[in-house]
Every structure is written in C-alpha cells, then in structure tokens.
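Trainee: Hey, have you got a minute to walk me through a protein I just opened? I'd like to pick it apart bit by bit.

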Amino acid sequence: MPKFLIERETPGAGDLSSQELQAISQKSCGVLQKMGPQIQWVESYVTGDKIYCVYIAPDAETVREHAAQGGFPADRVSEIKRMIDPTTAEG
C-alpha cells in the first residue's frame with residue numbers, strides 16, 4: 001500500500017504543549033479507528049509552523065478524508081515514491 005507525506009500548515013506548531021500534541025494525536029487516532037485499517041498513521045514531525053505526517057493509505061483521497069473528519073489541515077499530500085538513506089550510497 002502506498003505511503004504519503006502530509007504537510008500541515010499549523011502556525012505555532014513547534015510551541016504546542018505536550019498536552020496539546022496529545023489531544024491532536026488522540027483525535028487523529030479516534031478518526032483512524034472509525035475509518036478502519038485501510039489507513040495507518042506511521043509518524044509525524046513537528047517543526048516551527050508545520051507538522052509533517054507519514055501515512056499508509058490506499059490513495060490520497062483517503063488521507064484527505066481523515067484530515068476532513070479530524071478537522072486537520074492537509075495542505076499538501078504527496079505520495080512517497082521511494083525512500084533513501086545513507087545505506088543507499090553503498091550501491
């Protein structure tokens with residue numbers, strides 16, 4: 001199943017408290033439970049004004065539906081085509 005990178009414009013994201021991040025996470029997990037196993041949250045990265053999330057889903061529309069149901073922004077949804085890391089340089 002494809003992986004997607006979601007870019008969420010979230011002003012002040014880097015200043016969110018642990019409790020606020022927990023509430024966002026709980027909301028996301030609640031929506032995921034309702035949507036069923038076809039969509040999975042892998043991990044997220046919080047920066048100054050954005051949250052970048054990695055999801056596994058059948059298509060981008062499913063990712064957008066999760067965002068809509070949760071009230072989360074999904075400013076850009078991009079399918080991850082390949083992954084590379086330092087071991088890629090080894091050939």
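Mentor: Sure, we'll go from the overall layout to the salt bridges and then to a couple of single residues. Keep in mind that this is a predicted model.

Trainee: Okay, how many helices and strands are there in the protein?

Mentor: There are 2 helices and 4 strands. Going from the N terminus, the elements run β-α-β-β-α-β.

Trainee: And what box do the C-alpha atoms fill?

Mentor: Roughly 45 × 30 × 20 Å, taken along the principal axes.

Trainee: How much of the protein is buried?

Mentor: Buried residues make up 29% of the 91 residues. As for the surface, the protein exposes about 6000 Å², and carbon and sulfur atoms supply 52% of that.

Trainee: What share of the contacts comes from residues 24 or more positions apart?

Mentor: Counting contacts with a separation of 6 or more, such residues account for 72%.

Trainee: Switching to charges. How many positive and negative side chains are there?

Mentor: The protein has 9 positive and 13 negative ones, and the centres of the two sets lie 5 Å apart.

Trainee: Why would side chains of opposite charge pair up?

Mentor: They can do that when their charged atoms come close. In this structure there are 3 salt bridges.

Trainee: Which side chain meets Lys50 at 2.7 Å?

Mentor: That's Glu7, and the 2.7 Å runs from N to O. Lys50 lies in strand β3, residues 50-56, and Glu7 lies in strand β1, so the pair ties together parts that are 43 residues apart in sequence.

Trainee: Is Glu7 buried or exposed?

Mentor: Glu7 is buried, because its relative accessible area is 15% and the cut-off for buried is under 20%. Lys50 has 21% relative accessibility, so it counts as partly exposed.

Trainee: What else does Lys50 form a salt bridge with?

Mentor: With Glu9, where the closest N and O atoms are 3.4 Å apart. This pair also links distant parts of the chain, with Lys50 in strand β3 and Glu9 in strand β1, 41 residues apart. Glu9 counts as partly exposed, at 39% relative accessibility.

Trainee: And which residue does Lys81 pair with?

Mentor: Lys81 forms a salt bridge with Glu79, with 3.6 Å between the closest N and O atoms. Lys81 counts as exposed at 65% relative accessibility, while Glu79 is partly exposed at 40%.

Trainee: Which residues do shared partners join into one network?

Mentor: Glu7, Glu9 and Lys50.

Trainee: New topic: where does Thr10 lie?

Mentor: Thr10 sits in the loop between β1 (3-9) and α1 (18-35). It counts as buried, because its relative accessibility is 18%.

Trainee: What does Thr10 touch, if we don't count residues up to four places away in sequence?

Mentor: Then Thr10 touches Gly48, Asp49, Lys50, Ile51 and Pro73. You've met Lys50 already, as the salt-bridge partner of Glu7.

Trainee: Last one, Leu32. Where is that?

Mentor: Leu32 lies in helix α1. With 11% relative accessibility, Leu32 counts as buried.

Trainee: What does Leu32 touch, again leaving out residues up to four places away?

Mentor: Its contacts are Ile39, Trp41, Tyr55 and His66.

Trainee: And how far apart are Leu32 and Pro11 in space?

Mentor: They are 24 Å apart, C-alpha to C-alpha, with their positions 21 residues apart in sequence.

Trainee: Great, thanks, I'll go and find those in the viewer.

Key. Residues are numbered from 1 along each chain as its sequence is written. This is a predicted model: local features need pLDDT of at least 70, side-chain atom pairs count only at pLDDT 80 or more; totals for chains, interfaces and linings use all residues. Side-chain values use heavy atoms; hydrogens and water are left out. Buried means under 20% relative accessible area, exposed over 50%, partly exposed in between (1.4 Å probe, protein chains only). Contact means heavy atoms within 4.5 Å. Accessible areas come from the Shrake-Rupley method with a 1.4 Å probe; for residues, only the protein chains shown count as cover. Lys and Arg count as positive and Asp and Glu as negative; His and the chain ends are not counted. The place of a charge is taken as NZ of Lys, CZ of Arg, CG of Asp or CD of Glu. A salt bridge is a side-chain nitrogen of Lys or Arg within 4 Å of a carboxyl oxygen of Asp or Glu.
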